[in-house]
Amino acid sequence: MEVPKDQISALLDHGLYSSAQMLGCFLVSSSTVSSETSPHIKAENLVLLGDALFREREYRRAIHTYKQALQHCKIIPKQSTMTRNSLSASNRSSSPNSFKILGINENDVKFKIASCHSSLNENRAALVEMEGIPSKARNLQMNLMMGKLYRNSRHNRSAIACYRECLRHCPYVIEAIIALAELGLAAKDIISLFPQTPNRSGRPPFDHFDSSNRWLQRYVEAQCCVASNDYKGGLELFTELLQFFPNNIHILLEMAKVEAITGKYNNATLNFEKVRSIDPHIVTYMDEYAMLLKRRSDYSKLNKLVHDLLSIDPTRPEVFVALSVLWERKDESRALSYAGESIRIDERHIPGYIMKGNLSLSMNRPDIAVVAFRGAQELRPDLRSYQGLVHSYLALSKTKEALHSAREAMKAMPQSAKALKLVGDVHASNSGGREKAKKFYESALRLEPGYLGAALALAELHVMEGRNGDAVSLLERYLKDWADDSLHVKLAQVFAATNMLQDALSHYQAALRINPQNEAAKKGLERVEKQMKGVDPDAPEEDEDNEVEDADGDQIETELL
């Protein structure tokens, strides 16, 4: 009794993987096909069953089935003389390509085994299978996978070689462009890989790169700018591309991510919201958006975002980071476990490390925070990982290490006001370095006059030095141009410290008018109102919930400073 092999292929083509898998069980167990007399047919049948199992995400079973197919391939050259003579002379060799005439390509099967291992996050096993495929036999898909596997294994030189080969085949492999930029290649070196003239070697049509496609070259330049921490240059190039490709979701997301990293929170929020309005089912970078909503204390939108993400795809690492952000206010331990889960799903998911580091700092575990921020830096150093490392080292009283990290940030981003402020933060941590800190904060403000973080830090330095009047003058000057709740909160804190309670009250109220969810303003206002009534604001509260809320307020105040 025969089972129609072509029907399994048809089922696979139509996406009916469960039926294909069950029919495959009949196919490979058929008594009409003997492993001894027809090993090539047996191998073909096993590969079809393996394909069905792979599509059903039964990766372990698929690996076992594919390996059985390869074992039967090895039997083929040992068949009788009559069987061998039925093959053409060009297909007598025992090389992988010798099986192609039989419908089996050993390299393709090895690639499928590697894909299963990769889906199981078994990078080493996947790499072993891929390295068994001769370099000349690797196609575009194989080279891309090898690049990813080498990069995950931190074999960067080998990864670069594979990604280069991808772009030689097809200049439009965006993944390879981004990877090469992040691995440190210059834009001109990446662009030089693009084929400039039609090739006569029989390659696919996409090998020819039309030099009129300048947009792709600009895209390469933008990614290289971002990868080298030239965020301003990257944003300018992305903005230019957006003029030619309006409402391009990918470009909007790239811009929003960079804006979030560099502290342009309002612009980042607007771009994320625009992306969500165009495609409400997008998951990419939505954890970055969640962090922004948390920063803005917009818990209503944050709740909706997490609900939407869970309904779209609850297996993505972005979803677990968003869950971590949501739970941070209620249960930090649970939030930390969600951040850890995002890393377990994808070891290269940087926001997971950033979130884990920030939570660890908040929970007074700076030693764990250092490990998390280092993990983020190893993947791709950016401003947030530098900031996290500096603050973690300061929490551990490791001033030398903090200064080293801050200077590394300044070296990597010489035109960044944020990097200058980091160096100032380290100097401000001890009384002997406050004059140096003042110079760095002032330099940061000269470089970026609208950088409120540096203005707030300089104001705090004035207060520490007893120059409350200078702090008030600075903050009031900034309030003329920037109606920001954090400026009002800082001013209120300065006034409260000098017992100017009415002024403190008005600024806390102003902060809450701008951002009704500002926890620091809520706590400060409550404290000032008690003082104005002659009640000791530090008296213990009967309601235990107040202690938790005070802790949250202190955390937000620390972030504002």
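Q: What is the relative accessible area of K112?
A: This is a predicted model, where local features need pLDDT of at least 70, side-chain atom pairs count only at pLDDT 80 or more, and totals for chains, interfaces and linings use all residues. Residues are numbered from 1 along each chain as its sequence is written, and side-chain values use heavy atoms, leaving out hydrogens and water. Buried stands for under 20% relative accessible area, exposed for over 50%, and partly exposed for in between (1.4 Å probe, protein chains only). K112 belongs to the partly exposed class, because its relative accessible area is 26%.

Q: Which residue meets the side chain of K112 in a salt bridge?
A: Side chains of opposite charge can pair when their charged atoms come close. For a salt bridge, a side-chain nitrogen of Lys or Arg has to lie within 4 Å of a carboxyl oxygen of Asp or Glu. K112 satisfies this with an N to O distance of 3.0 Å, and its partner is D51.

Q: How many residues apart are K112 and D51?
A: Helices here are DSSP runs (H or I, at least four residues; strands are E, at least two), numbered from the N terminus. K112 sits in helix α6 (residues 106–119) and D51 in helix α3 (residues 39–55), so the pair links distant parts of the chain. Their separation in residues is 61.

Q: Is D51 buried or exposed?
A: The salt bridge joins D51 to K112, and K112 is partly exposed. D51 has a relative accessibility of 17%, so D51 counts as buried.

Q: Which residue forms a salt bridge with E182?
A: E182, at 26% relative accessibility, counts as partly exposed. The closest N and O atoms of the pair are 3.0 Å apart, and the partner is R380.

Q: How far apart in sequence are the parts that E182 and R380 tie together?
A: E182 and R380 form a salt bridge. E182 belongs to helix α10 (residues 174–182), while R380 lies in the loop between α21 (366–379) and α22 (383–395), so the parts tied together are apart in sequence by 198 residues.

Q: Which residues are linked with R434 in a network of salt bridges?
A: One bridge joins the side chains of D470 and R467 (3.8 Å, N to O). D470 is partly exposed at 39%, and R467 counts as partly exposed at 25%. Linked with R434 in the network are E465, R467 and D470.

Q: How many salt bridges does the structure hold?
A: The pair of K112 and D51 is one of them, and so is the pair of E182 and R380. The total for the structure is 31.

Q: Which class does the ring pair of F320 and Y338 fall into?
A: Rings of Phe, Tyr and Trp (its six-membered ring) pair if their centres lie within 6.5 Å; planes under 30 degrees apart count as stacked, over 60 as edge-to-face and the rest as tilted. By this rule there are 6 aromatic pairs. The centres of F320 and Y338 are 6.3 Å apart and their planes stand at 45°, so the pair is tilted.

Q: Which helix holds Y338?
A: F320 and Y338 are both buried. F320 is in helix α18 (residues 317–327), 18 residues away from its partner, and Y338 is in helix α19.

Q: Which residues form a nonpolar surface patch with W215?
A: Patch residues have over 30% relative accessible area and no salt bridge; like charges are joined within 9 Å and nonpolar side chains (Val, Leu, Ile, Met, Phe, Trp, Tyr) within 5 Å. W215, in helix α12 (residues 214–227), is partly exposed at 33%. The patch has about 310 Å² of accessible area together (Shrake-Rupley method, 1.4 Å probe; for residues, only the protein chains shown count as cover). Its other members are F244 and F245.

Q: Which residues are in contact with S297, leaving aside its neighbours within four places in sequence?
A: S297 lies in the loop between α16 (286–295) and α17 (299–312), and S297 counts as buried because its relative accessibility is 4%. Its C-alpha is 8.0 Å from that of E519, 222 residues away along the chain. Taking contact as heavy atoms within 4.5 Å, the partners of S297 are N515, Q517 and N518.

Q: What share of the residues in the protein chain is buried?
A: The chain has 31 helices and 0 strands. Of its 561 residues, the buried share is 48%.
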